[in-house]
Amino acid sequence: MRRSRTTNRPAIAAVAVCVALALVAGCRLPGMDGPVSKDLATSRQLSHRGLSAMERGDRQTAQQILARAVDVCPSDVEARQHYAESLWQNGKQPGAVEQIDAALKLAPDNESLHVRAGQMHLAMNDIEIASSEADQAIRLNSKSPGAWRLRGQIAARRGNLRQALAGFHRAVSYDPHDRELLIDVAETYRQLGQPQQALVTLHEVVDTYSPGDEPQRVLLLEGLALSAMGRNNDAAERLAQARDRGPASAEICYHLAQAQAASGQSISARASLEQALQLEPAHVASQTLLTELSQRR
């Protein structure tokens, strides 16, 4: 039987509620010795509004409001953190990194800030800075799943897959139900040429969803693992499900065509490649495979 998971409310909503309650309760926040200043109270109120806008998907309004929150009280760590996330969502990565680094200067012992800063720096390909942030987060909390996952991601970026797998497994030991962590483990196994272990781990992920609710990415990774094991009919079936789960992509159609061709479904393989090239005319791998299939024919 598949296990059902109950997910918590979005983190943004939780933070917003906490801020609002704190303000109502005499403008006192945890760790503060007395009432907060007028500027900080105003900043938190603006942060609450900005988070609400982010929840609604109104990213531009959220960014404007959160920028005001930082202007009103530059020493408000939460305002800078939320502003950084808003900038990141709006594709303004350098500004986001600047804000998260500023927040860290104000709260150098905040483990989660170090993890988020490391994630941002890694996405910007600042690998050494990202590594330093991961190490600092682990020094602050040796059982931080986010920090160990970040260390694994950094190792994977450097091409050290064994070290990456060790980091991901360490993270899973502290948060065994995190789907993204399990996916990291499965994908690393596949890259290491261990598709059986990858498939076992992916089955753990699939079991947390109701039938038909599995995300496209998980279906794709299952199909790739099955292909690597030579189970091409099963792989084609799973990859077709991934394609139909939508939106279709040239990559998925190409891998589907590979599995179909390997299982003797030449006509279906050509149709999948034609779909791939409709989606991405310059997809070289699909062009090459289509040529090979035409020559075989």
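Contact here means heavy atoms within 4.5 Å, and helices are DSSP runs of H or I with at least four residues, numbered from the N terminus. The model is a predicted one, in which local features need pLDDT of at least 70, side-chain atom pairs count only at pLDDT 80 or more, and totals for chains, interfaces and linings use all residues. Residues are numbered from 1 along each chain as its sequence is written, and side-chain values use heavy atoms, with hydrogens and water left out.

A good place to start is helix 8 (145-157), whose 13 residues reach 18 Å from the first C-alpha to the last, close to the 18 Å expected at 1.5 Å a residue. Its buried residues (under 20% relative accessible area, 1.4 Å probe, protein chains only) are Ala147, Trp148, Leu150, Gly152, Ile154 and Ala155, and they pack against helix 6 (111-123), helix 7 (127-140) and helix 9 (161-174). After helix 8 comes glycine 159, with a positive phi near 90 degrees.

Helix 8 and helix 10 (179-191) are the elements that each give two or more residues to the lining of the second largest pocket. Among the lining residues are Arg149, Gln153, Phe168, Asp184 and Arg217.

Two loops deserve a closer look. Most residues other than glycine have a negative phi, and most peptide bonds are trans. Asparagine 125, in the loop between helix 6 and helix 7, is not a glycine and yet has a positive phi of about 70 degrees. In the loop between helix 13 (232-245) and helix 14 (250-262) lies proline 247, and the peptide bond leading to proline 247 from glycine 246 is cis, with omega near -5 degrees.

Definitions and conventions
1 Å grid on protein atoms, 1.4 Å probe; cavity = no way out; pocket = protein on both sides within 12 Å on 5 of 7 lines; lining within 4 Å. Expected span 1.5 Å × (residues − 1). Buried < 20%, exposed > 50% of the residue type's maximum accessible area, 1.4 Å probe, protein only.
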